[in-house]
Amino acid sequence: MSTLRDLAEEHTALRPADIDHLHRIAGDWQLLSDLSFADLLLWVPVDGDGTFLCVAQVRPTTAPTAYLDDQVGRIVGGAEVAHLEVAYRQGRIWREGDPVWYGDVPARHEAIPVRLRTGDGEAGEVIAVVGRDTNLSTARTPSQLELNYLTTADDLAQMIADGTFPPPRHPGETTSAPRVGDGLVRLDANGKVTYASPNAQSAYRRLGYASHLVGEDLAKLHRRLAGDPLEGTDAGNAVLAALRGEAPPRREIDARGATMLTRALPLMPAGVPIGALVLVRDITEVRRRDRALITKDATIREIHHRVKNNLQTVAALLRLQARRVSMPEARVALEESVRRVASIALVHETLSMSSDEAVEFDGIVDRVASAATEVAATEVSVGMRRRGTFGVLPAEIATSLVMVLNELLLNAVEHGFPPADEEAAVPPPVDAARPEVVVSAHRARKQLHVTVTDNGRGLPEQFDAERGGNLGLQIVRALVTGELRGTIELRNGADGGTEAAIVVPLARGTTDRLTGRAGPL
Ligand SMILES: Nc1ncnc2c1ncn2[C@@H]1O[C@H](COP(=O)(O)OP(=O)(O)O)[C@@H](O)[C@H]1O
Ligand SMILES: [Mg+2]
């Protein structure tokens with residue numbers, strides 16, 4: 001389906017600023033449709049040939065539609081659009097026709113010219129026409145509510161013709177809420193309530209206001225009701241601003257455990273401020289759910305914090321035990337376990353500080369890497385470098401990957417650069433490069449590519465790169481092919497040393513939250 005912009009660009013000579021204004025109308029006209037109990041169609045003149053093109057349509061939520069079929073994209077000329085032509089040429093609201101029939105639905109036609117005000121506030125030219133078409137088949141003597149809605153609708157229709165509706169949008173306000181059905185209050189020029197819909201009355205009641213709203217000074221009432229005086233001042237000032245003809249931002253009022261969202265709109269047909277329209281919505285439940293989500297977040301963070309503490313306790317106990325055993329092999333095994341447990345604790349520590357189940361992984365790698373250098377033989381100093389970035393990883397990938405990297409980094413330091421006496425037969429060449437381990441990471445096609453490279457003595461001869469190794473490499477293979485659903489390859493590096501290459505698929509929808517970009521870097 002074509003968008004308003006596509007249609008207008010294809011068929012008309014409207015300028016970008018005109019099309020922007022039509023977008024603003026389509027963003028806010030549900031209000032007019034609901035107050036009018038009518039369908040609204042946005043018509044633009046097709047260049048030069050006296051026909052009109054429908055670029056947008058909205059149906060009332062308060063009444064039956066006059067059009068069961070979608071009208072967008074229709075191009076119509078002749079008698080059917082004669083009323084649009086009048087509104088367009090003469091720049092006035094047209095409402096003098098007899099009912100027309102769509103199939104077996106009787107409807108009343110009206111046409112409202114759309115003006116775009118110029119930069120200096122002068123009423124500009126007519127750029128389009130809003131057709132207001134009411135399904136008459138259920139029409140009956142209007143109630144008090146309906147009369148009030150219709151009067152207000154006529155004021156807004158005049159403001160569309162003047163170019164003063166819709167009001168400019170405030171940054172960050174994307175929804176058109178609250179809607180007419182949520183609750184509507186009409187004020188006179190002095191700010192006194194002349195009408196309040198039953199839902200509006202109920203919303204104020206929840207804030208603690210028990211009497212009838214009609215006759216109340218609404219700005220004063222907002223100040224009085226709000227639990228927080230600052231909030232009350234804001235909500236009161238919003239009403240006063242609308243009475244002056246300005247369009248204030250939406251405001252919330254909290255009182256007695258209830259929350260109400262308010263939107264005040266100026267009513268100034270023909271440029272004369274005659275009062276304001278205040279739409280209100282009881283959003284207590286929405287806010288309660290927001291708060292529940294925030295507490296849930298905090299709870300999850302607290303749990304990660306406790307898991308981290310518990311893992312650190314386990315690591316400390318193992319360390320104590322390692323100091324007490326005399327068998328060297330047992331001591332080494334216990335010390336390895338300490339490092340494995342500590343590396344998992346690192347992930348939980350990071351998770352306990354973030355607001356979602358994902359971690360910025362580079363910081364974790366750097367900490368594991370610098371811990372690994374500490375196991376180097378006393379006479380060797382191993383340099384550690386990270387190239388590229390891991391970005392933000394989901395918790396489940398991070399926990400497995402940190403263990404894998406821990407093993408690979410320890411191996412590189414331990415086995416790549418063994419203490420000199422083990423190597424006594426072959427003294428290191430004089431011009432040997434400085435011992436170095438490089439971790440590099442990059443993303444491509446929704447996969448994370450990681451390599452751990454050292455410039456040490458390389459894998460032992462006859463080492464089975466597929467299956468060989470002890471517990472460390474077993475853990476690595478099990479995690480990479482199991483939890484991470486990835487692949488690992490161990491090989492001798494191009495210029496000596498050892499290289500471990502891992503490829504891990506990133507779940508669909510994993511975004512790099514650091515750069516805000518989705519998918520491959
Ligand atoms: N980066 C490396 N450089 C040289 N040899 C390595 C390297 N990584 C692993 N190895 C070899 O693989 C063996 C198995 O490693 P691993 O399974 O981690 O057990 P461990 O580290 O306890 O010996 C090591 O003993 C070593 O011989
Ligand atoms: Mg090992």
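Reader: Which residue stands opposite proline 45 in strand 2?

Author: Phenylalanine 52 does. This is a predicted model, and the pair belongs to strands 1 and 2.

Reader: What makes strand 1 and strand 2 partners?

Author: Count the bridges. Pairing needs at least two. Strand 1 (residues 39-45) and strand 2 (residues 52-58) are joined by 6, so they count as paired. They run antiparallel.

Reader: How do you know that strand 1 also pairs with strand 6?

Author: By the same test. Strand 1 and strand 6 share 5 bridges, against a minimum of two, so they pair. The sense is antiparallel. In this pairing aspartate 39 faces aspartate 133 in strand 6.

Reader: How many bridges link strand 5 to strand 6?

Author: There are 9, again antiparallel. Valine 114 stands opposite alanine 128 in strand 6.

Reader: In what order do the strands of this sheet lie?

Author: The order is 3-2-1-6-5-4, in an open sheet of 6 strands with antiparallel pairing.

Reader: Why are strand 3 and strand 4 said to stand at the edges?

Author: Strand 3 (75-76) and strand 4 (100-102) each have a single partner strand, so one side of each has no neighbour in the sheet.

Reader: What makes strand 6 mostly covered?

Author: A residue is buried when its relative accessible area is under 20%. In strand 6, 10 of its 10 residues are buried.

Reader: Which helix lies across strand 1, strand 2, strand 5 and strand 6?

Author: Helix 4 (residues 82-90) does, and it runs at about 140° to strand 6 (126-135). Helix 5 (residues 144-162) also packs on the sheet. Helix 5 touches strand 5 and strand 6, and its direction makes about 40° with that of strand 5.

Reader: Why is serine 33 called buried?

Author: Its relative accessible area is 0%. The limit is under 20%, so serine 33 is buried. Serine 33 sits in helix 3 (residues 30-36). Setting aside residues up to four places away in sequence, serine 33 touches Ala38, Leu40, Val58, Arg59, Pro60 and Thr62.

Reader: Why is aspartate 228 called partly exposed?

Author: The relative accessible area of aspartate 228 is 39%. Buried means under 20% and exposed means over 50%, so aspartate 228 falls in between. Aspartate 228 lies in the loop between helix 7 and helix 8. Its C-alpha atom is separated by 7.4 Å from that of aspartate 254, 26 residues apart along the chain.

Reader: Why are helix 7 and helix 8 called roughly antiparallel?

Author: Helix 7 (residues 218-225) and helix 8 (residues 229-243) pack at an angle of about 170°. Angles over 145 degrees count as roughly antiparallel, so the helices earn the term. Their axes are 7 Å apart.

Reader: Which residues make the contact between helix 7 and helix 8?

Author: Helix 7 contributes Leu218, Ala219, His222 and Arg223. Helix 8 contributes Gly232, Thr233, Ala235, Gly236, Asn237, Val239 and Leu240. By type, the contact holds 5 nonpolar, 5 polar and 1 charged residue.

Reader: In what order do the strands of the sheet of 5 strands lie?

Author: The order is 13-15-16-18-17, in an open sheet with mixed pairing. Strand 13 (383-388) and strand 17 (487-492) each have a single partner strand, so they stand at the edges. Neighbouring strands are turned by 15° against each other on average, direction ignored.

Reader: How do you know that strand 15 and strand 16 pair?

Author: Strand 15 (residues 436-444) and strand 16 (residues 447-454) have 8 bridges, and at least two are needed, so they pair. The sense is antiparallel. Valine 438 stands opposite threonine 453 in strand 16.

Reader: Which strands does helix 12 touch?

Author: Helix 12 (residues 395-416) touches strand 13, strand 15, strand 16 and strand 18 (498-505). Its direction makes about 15° with that of strand 16. Helix 13 (residues 471-483) packs on the sheet as well, touching strand 17 and strand 18. The direction of helix 13 makes about 140° with that of strand 17.

Reader: How many helices and strands does the chain have?

Author: The chain has 13 helices and 20 strands.

Reader: Why is the chain called more spread out than a compact globule?

Author: Compare two values. The radius of gyration is 35 Å, and the globule rule gives 24 Å for 521 residues. The chain's value is well over the rule, so the chain is more spread out than a compact globule. The C-alpha atoms fill a box of roughly 110 × 60 × 45 Å along the principal axes. Buried residues make up 47% of the 521.

Key. Residues are numbered from 1 along each chain as its sequence is written. Chains are lettered from A and ligands numbered from 1 in the order in which they are written. This is a predicted model: local features need pLDDT of at least 70, side-chain atom pairs count only at pLDDT 80 or more; totals for chains, interfaces and linings use all residues. Side-chain values use heavy atoms; hydrogens and water are left out. Helices (H or I, at least four residues) and strands (E, at least two) are DSSP runs, numbered from the N terminus. Contact means heavy atoms within 4.5 Å. Axes are lines fitted to C-alpha atoms, for helices over the stretch in contact, and angles run from 0 to 180 degrees between N-to-C directions. Buried means under 20% relative accessible area, exposed over 50%, partly exposed in between (1.4 Å probe, protein chains only). Angles under 35 degrees count as roughly parallel, over 145 as roughly antiparallel, 65 to 115 as roughly perpendicular and the rest as oblique. Ala, Val, Leu, Ile, Met, Phe, Trp, Tyr, Cys and Pro count as nonpolar, Asp, Glu, Lys and Arg as charged, and the others, Gly among them, as polar. The radius of gyration is taken over C-alpha atoms; the globule rule is 2.2 Å times the number of residues to the power 0.38.
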